[in-house]
Amino acid sequence: MEFKDYYKTLGVEKTATAEEVKKAYRRLARKFHPDVSKEPDAAARMSELNEANAVISDPEKRTAYDGLGQQQQAGREFRPPPNWDAGYEFTGGGGSTSGGSGQDYSDFFEELFGRQARAARSGGMGGGGAGARRAEAASFRGEDHHAKIELDLLDAYQGAERAITLRGAHLDAQGRVVNDERTLNVSIPKGVREGQQIRLAGQGSAGYGGGANGDLFLEVSFRPDPRFRVQGRDVTQSVLLAPWEAALGAQVEVPMPAGSAIEVTVPGGWKKGKKLRLKGRGIPGRTDSDAGGDMYLELDIALPAADTPKAREIYETMQRELGTSFNPRANA
């Protein structure tokens, strides 16, 4: 996937005001709209313009896009880093996969902003948004907001109180993007899962005419951890064994995400791809009646280095004693 320079697509500077963006979009739309344009690539160009305008004309998406693209160049291979959008706050769904003409946007846009649009369509947020308002109503509820937050896996095991800083944006009187920031104290419930949303009532947009405030939905993600992989409430980690432990069996100490360690019995006769299941050692359930997830141990072998005369002697003995009867490639 290639990085898209939306500013270049619209022909504006990164410091462009909202009015400058609007004028650039309208000028190019008149040139490339398929209903009037004679350009052979008019439909494709119009789709690119709609996509760029959907991001650059929205101060919240524009701020997140600017933060991601500081070191990027158009046309270069690009993959957003994990949880690149954590901490950015979006009003409503924060994105749309259609420019109002029924067309879909690119994989690049979908990768960055499609998740928010899907969440909004599924009803996970934005329930009090403009689509639900009646023009004749004297009051209406404020829009819901959405943000992704990063937590440590430990928070899911124990629960926590966290100060979460969110970044948003708005336009000032001159149409320039102004970055906003606010910090909220959030109670993280024990047993929270990745992808789960924590609702903060009344922390969305203000209501109108006495209407209630919208809510803020925080979508949970876990910070990458080289030791653990999470799927639902199940957690997997790799455990290295010495050759004699793998062959003969052993009692090994295994760290747990909550910081403690437990002793695990590894049976002898290791085979590649073998896993051990530790029932109930994954992310705990939300209630006492919920068993929670499991911990899976992926077993692998670490070989000692033959870097001393004694170590070489041991390997040479193994070669003499086992080399004639053992061929590791026999079943390859």
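Which residue forms a salt bridge with Asp152? That partner is Arg223, and the closest N and O atoms of the two are 3.2 Å apart. Keep in mind as you look around that this is a predicted model.

## The Asp152–Arg223 pair

Asp152 sits in the loop between β2 and α6 (153-158), while Arg223 belongs to the loop between β6 and β7 (229-231), so their pairing ties together parts that are 71 residues apart in sequence. Neither end is hidden away completely: Asp152 has a relative accessible area of 37%, which makes it partly exposed. Arg223 comes out as partly exposed too, at 39% relative accessibility.

## Asp215, Arg141 and the rest of the salt bridges

In total, the structure has 14 salt bridges. Another one to pull up on screen joins the side chains of Asp215 and Arg141, with 3.1 Å from N to O. Here Asp215 is in the loop between β5 (197-200) and β6 (216-222), and Arg141 is in the loop between α5 (107-121) and β2 (145-151), so this pair links parts of the chain 74 residues apart in sequence. The two ends sit in different surroundings: Asp215 is buried, at a relative accessible area of 7%, whereas Arg141 is partly exposed, at 28%.

For a local example, go to helix α8 (residues 309-322), where Arg312 and Glu316 are 4 residues apart, or about one helical turn. Their side chains form a salt bridge at 3.9 Å, N to O. Arg312 is partly exposed with 46% relative accessibility, and Glu316 is also partly exposed, with a relative accessible area of 35%. Back at Asp215 and Arg141, shared salt-bridge partners bring in Asp144 and Arg199 as well, which gives one network of four residues.

## Asp155 in helix α6

Is Asp155 buried or exposed? This helix α6 residue is buried, because its relative accessibility is just 1% and the cut-off for buried is under 20%. Leaving aside residues up to four places away in sequence, Asp155 touches Ala160, Arg162, Ile188 and Pro189.

## Helix α4, mostly under cover

Helix α4 spans residues 59-68, and 8 of its 10 residues are buried. The buried set is a mixed bag of side chains: Pro59, Glu60, Lys61, Arg62, Thr63, Ala64, Tyr65 and Leu68.

The N-terminal end of α4 has a cap in the form of Asp58. One of the Asp58 side-chain oxygens lies 2.9 Å from the backbone nitrogen of Glu60, and Glu60 itself is among the buried residues of the helix.

## The largest pocket

Now for the open space. The largest pocket has a volume of about 540 Å³. Which residues line the largest pocket? Going along the sequence, they are Pro243, Trp270, Ile301, Leu303, Tyr315, Met318, Gln319, Leu322, Gly323, Ser325, Phe326 and Pro328.

Helix α8, also home to the Arg312 and Glu316 pair, supplies the largest share of this lining, with 4 residues. As for the chemistry, the lining is made up of 9 nonpolar and 3 polar residues, with no charged ones.

Key
Residues are numbered from 1 along each chain as its sequence is written. This is a predicted model: local features need pLDDT of at least 70, side-chain atom pairs count only at pLDDT 80 or more; totals for chains, interfaces and linings use all residues. Side-chain values use heavy atoms; hydrogens and water are left out. Helices (H or I, at least four residues) and strands (E, at least two) are DSSP runs, numbered from the N terminus. Buried means under 20% relative accessible area, exposed over 50%, partly exposed in between (1.4 Å probe, protein chains only). Contact means heavy atoms within 4.5 Å. A polar contact is a pair of N or O atoms within 3.5 Å; within protein, one must be able to donate a hydrogen and the other to accept it, and residues adjacent in sequence count only if both atoms are side-chain atoms. On a 1 Å grid over the protein atoms alone, a cavity is a set of points where a 1.4 Å probe fits but cannot get out, and a pocket is an open set with protein on both sides within 12 Å along at least five of seven lines; lining residues have an atom within 4 Å of a point. Grid points are joined across faces, edges and corners, and a volume is the space filled by probe spheres set on the points. Ala, Val, Leu, Ile, Met, Phe, Trp, Tyr, Cys and Pro count as nonpolar, Asp, Glu, Lys and Arg as charged, and the others, Gly among them, as polar.
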